[in-house]
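Subject: Structure for you to look at

Hello,

Here is the structure that I promised to hand over to you. Please open it beside this message and follow along as you read.

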Amino acid sequence: MNTLKEVPVGKSARVVKLHGEGAIKRRIMDMGITKGVEVFVRKVAPLGDPMEISLRGYELSLRKADAEMVEVE
């Protein structure tokens, strides 16, 4: 399983599945990360957390713990 956390800076990936349950999954979906959406990893903070991604025409900062719950291809 490849997760969004493993996508290198400057690469794109498509969301396949969201893991997690309840409020955590709902929060990720509310940020616009849903099945089939294309995400581009723009940059990662110097200490590795958080990471900045682009999707649906806007930029989003996402913690690595949340990025681990997003399965991509």
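Below is what was found in it, beginning with how it was treated.

The model is predicted, so to speak of a local feature a pLDDT of at least 70 is needed, side-chain atom pairs count only at pLDDT 80 or more, and totals for chains, interfaces and linings use all residues. Residues are numbered from 1 along each chain as its sequence is written, and side-chain values use heavy atoms, with hydrogens and water left out.

Five strands (DSSP runs of E, at least two residues, numbered from the N terminus) form an open sheet with antiparallel pairing, in the order β4-β3-β2-β1-β5; two strands count as paired if DSSP finds at least two bridges between them. At the edges lie β4 (58-62) and β5 (70-72), each of which pairs on one side only. On average, neighbouring strands of this sheet are turned by 45 degrees against each other, direction ignored, where the axes are lines fitted to C-alpha atoms and angles run from 0 to 180 degrees between N-to-C directions.

Strand β3 (residues 51-55) runs antiparallel to β4 and is joined to it by five bridges, and S54 stands opposite E59 in β4.

Two loops deserve a look as well. In the loop between β2 (38-44) and β3 you will find P50, which a cis peptide bond with an omega of about 5 degrees joins to D49. The loop between β3 and β4 holds R56, which has a positive phi of about 50 degrees although it is not a glycine. R56 is exposed, with a relative accessible area of 53%, where exposed means over 50%, buried under 20% and partly exposed in between (1.4 Å probe, protein chains only).

Best wishes

Conventions
Helix = DSSP H or I, 4+ residues; strand = E, 2+ residues; numbered from the N terminus.
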